[in-house]
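Here is a short tour of one structure, with an eye on its salt bridges and its contacts with DNA. Have a look at the model first, and then we can walk through it together.

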Amino acid sequence: MKKNKLLLVDGNSIAFRAFFALYNSLERFKNKQGLHTNAIYAVNTMLENIVAEEQPTHILVAFDAGNTTFRHEYFEDYKAGREKTPSEFKEQMPYIRDLIDGLGMKHYELLNYEADDIIGTLAKQADPEEFDIVVLSGDKDLTQLVSDNVTVNVTVKGVSETEVYTPAHIKEKYGLTPQQIIDMKGLAGDQSDNIPGVTKIGEKTAIKLLTEYGTVENIYEHIDDMKKSKMKENLIKEKDIALLSKKLATINVEAPIDVSLDDLKYEGKNLDKLVPFYKEMNFNSFLDKLGTDGIELPAEDMAEVPYTLAEEITSDMFETDMSLYVEMLDDNYHTADVIGIAWGNQERIYVSEGSAVLENQLFQNWLADSSLTKKVFDFKRTYVALNRFGAAFNGAKFDILLAAYLLDTLGSNDDIGELASGFDYRDVDTDEAVYGKGVKKGVPADKAAFHSHLARKVKAIDVLYATLTAALEEKNQSELFYDIEFPLSKILADMEITGITVQASRLEEMKVEFAQRLHEIEQKVYEEAGETFNLNSPKQLGVILFEKMQLPVIKKTKTGYSTAVDVLEQLRDKAPIVDYILQYRQIAKIQSTYVEGLLKVIFPDGKVHTRYIQTLTQTGRLSSVDPNLQNIPIRLEEGRKIRQAFVPREKNWKIFSSDYSQIELRVLAHISDDEHLKEAFIAGQDIHASTAMRVFGIEHAEDVTPNIRRQAKAVNFGIVYGISDYGLSQNLGISRKEARTFIDTYFEKYPGVKKYMKDIVREAKDKGYVETLYHRRRYLPDINNRNFNLRSFAERTAINTPIQGSAADILKIAMLMIDKRLREENMQATMLLQVHDELVFEAPESEIETLQTIVEDVMENAVKLRVPLKADSSIGDTWYEAK
DNA sequence: GGTTTCACG
DNA sequence: ACGTACGTGAAACCG
């Protein structure tokens, strides 16, 4: 019975792999001293993964030592011709050894021997009766060691995936035994090590030869039996090279090492070394993980943040330019309990438990006084919560969360602790660390810890203010923050507080009707299937359709058969059940998500109060949650009826809606400055028809059939998304080649657009980010990735984000201006919803005409582009009628 | 908690 | 050759 498992790691090769695995993030992985840390970071992950997986009892990480090895004695060009190691990599090697010390692993090197030889020697020394051996390496050289007790894991991509070589795997992959790998290299060579091999013989040929003859030596024994060929000539001519190559590729299992297996016993991490090391490297996530793994960390050296428990409120507790934090544990600030409030500056901080302080007149006065400025974290959340207590909140001058989002949408984080550490401020814990998570989330029993946490948040806000304002300035984003996003957050807060009235009675009617219809369709499905099953389960449905009923499989998902709409559409004619399923799906979606979903979130005031998330999307759009009011059905009549439940809050009021026509294509026309695209908009043409005429060479507008217009529309969409022939072909159900032709013609007809795409991708590759018209920024870390998919995705994003994001900028600006106008004109009309290119209002009927004039005027003139902007409006008694 | 599906712009 | 349209949120299932 084996008790031991020995892990042998090829340190150099995995470090090298690690370096390139995170090469794209090279500049993001730097510690305070400017040391690159990407390889160190990735090595840590690789080693953690393999230890967790293999649970070794003994570990050795072997390194190469010296520039020459015994192999150079035979062949002076060994490993010649390699590109020289990047200095960013070299500088990390010493620290990787420190990391290994910290992880409690032994490392070893031997002058003039390679890591491979050390590993080979140890693998041979370990008694197979006593040890299982796992080797981890970044290249395949070591696979020759594979045997019944030796497994070799080779990293394939990234940091987490490895290919596991066992004798069976080698057999399957090459049809060879592990020992024959050496012979294969003898014949085919190895470019990375500059092992020459025989001319014109590659892996494939080598395998064929070895399958027949077994070894290199045996090939030469029987060389005379081979029939005449170029290959045979090469083999004869280069016999010396073949034998030398084999020798070079052979791992020395007799290296004079002076470590014994007993020295390699693994006893866990050496925290006294590891913790300071992680800190030096700025590896906060690994530090956090040590904490959550229940490992006791050496006392955190968080600075003390003194505070006063504000039991009695006095006027001297307030002054201008303080920071304020209102604590709620639940996300939904429309309903969450306020469990504590803290305010202050870097000199003094006050903490008050619960929400009682909100009733205090002095506190309310401070909040309401616009001349006394306050900095906050998440203004909208704070404002809405205070509003519930009747507390007016004026004088807000900065929002840390919002600013951090603008600076880098990728790292945006709604936890102060995590956000702060992203800006190298460490004196505040994460909420998860203090309150826990899931069902156990709550105020800690240690009240002092709770109070201290609130005080720390206030201090963090105060300290980060300087950092973030400077960063906004540096990135030319101060206007975006102060003139657009920050003022918008107040408008959004008011919209959320106002809410929109939803008639529960209408939804209840629909619920009964849909329930009836669902039941009927369900019965038909079961009848066709010959059995009952869970129609909501794609898995069970797949079994019925593709196994029981033997319908053709069109598409597969990761886990089984796809039953998505586009698949079912194609199966419609094959069996009547398919159509029933489509009907069921459609109604079930409306019933569960919209009818039942909305009923659940109607407040006692008869309204739904969504939350717009202003700091989430990568493009600058808003998102809407609880409920999401940005995806209420409209395309299909069945679903559209949901909008009948959205009504004005007063009798004799109307719903008014105005949306931008083709804003994204207009933005594209503007930023690309394409003559023809601009011309079409300036002439007020139907843009899809216009595209159709140019792309399909149609002379007269009346010859554009609806179908051709539909195709042109799809092309226009594709352009905005960063077109690919495949995507377009899927969308239109045409061949890839046809799609390619459409795209090529489009670019020919709209050269400005083509140039924009080329330029923006180039710019993204150079700068690492793209920008909107108002300097909203999106970083694209994968834009130079060597992985085709990741890189292509980043390229499409580079094209799309300035378009989608600038459109978002424009609607936000329009919202600010409309809000201002409505105030100036003392209108009762109220802005209720924003749906990306649409604004929804409620207003007394008497105001509608004025409202329409104002809204359209503002939307169309919010910004000046090289093409006109167009807004279309509609009015109705419900949102349904306002179409 | 991940996956699939489907609603919107 | 690669395997794709851009941006979201919610419900349901399932391990």
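Glu496 is buried, with a relative accessible area of 0%. This is a predicted model, so please read the values below in that light.

**Salt bridges**

The partner of Glu496 is Lys380: their side chains meet in a salt bridge, 2.7 Å from N to O. The two residues come from distant parts of the chain, with Lys380 in helix H16 (residues 379-388) and Glu496 in helix H21 (residues 478-498), 116 residues apart. Lys380 is also buried, at 6% relative accessible area.

A second bridge joins Arg709 and Asp686, whose closest N and O atoms are 2.8 Å apart. Here helix H30, which holds Arg709, is linked to the loop between helix H28 (675-682) and helix H29 (687-695), where Asp686 sits, 23 residues apart. Arg709 counts as partly exposed at 29% relative accessibility, and Asp686 is partly exposed too, at 37%.

Lys765 and Glu795 form another salt bridge, 2.8 Å from N to O. Their pairing connects helix H33 (residues 751-767) with helix H34 across a separation of 30 residues. Lys765 is buried, with a relative accessible area of 19%, whereas Glu795 is partly exposed at 22%. Elsewhere, Asp321, Lys375, Lys397 and Asp462 are joined into one network by salt bridges that share partners. The structure holds 53 salt bridges.

**Around DNA strand C**

Turning to the nucleic acid, 37 residues surround DNA strand C, and the closest are Ser537, Lys539, Ser623, Tyr726 and Arg778. These surrounding residues divide into nine nonpolar, 21 polar and seven charged. Of the strand's atoms within 4 Å of the protein, 58% belong to sugar or phosphate and the rest to bases.

Three polar contacts show both kinds of partner:

| Protein residue and atom | Partner on DNA strand C | Distance |
|---|---|---|
| Gln618, backbone N or O | phosphate oxygen | 2.9 Å |
| Ser724, side-chain N or O | base oxygen | 3.2 Å |
| Arg736, polar side-chain atom | base oxygen | 3.1 Å |

Several elements give two or more residues to the surface near DNA strand C, including helix H23 (538-548), helix H25 (576-600), strand S16 (623-625) and helix H31 (725-732). Helix H30 and helix H34 are also among them. Which element gives the most to this surface? That is H34, with seven residues.

Definitions and conventions:
Residues numbered from 1 in each chain as written. Chains lettered and ligands numbered in written order. Predicted model: local features only at pLDDT ≥ 70, side-chain atom pairs only at ≥ 80, totals over all residues. Heavy atoms only, no water. Near = heavy atom within 4 Å. Polar contact = N/O pair within 3.5 Å; in protein donor to acceptor, adjacent residues only side chain to side chain. Helix = DSSP H or I, 4+ residues; strand = E, 2+ residues; numbered from the N terminus. Nonpolar A, V, L, I, M, F, W, Y, C, P; charged D, E, K, R; others polar. Salt bridge = Lys/Arg side-chain N within 4 Å of Asp/Glu carboxyl O. Buried < 20%, exposed > 50% of the residue type's maximum accessible area, 1.4 Å probe, protein only.
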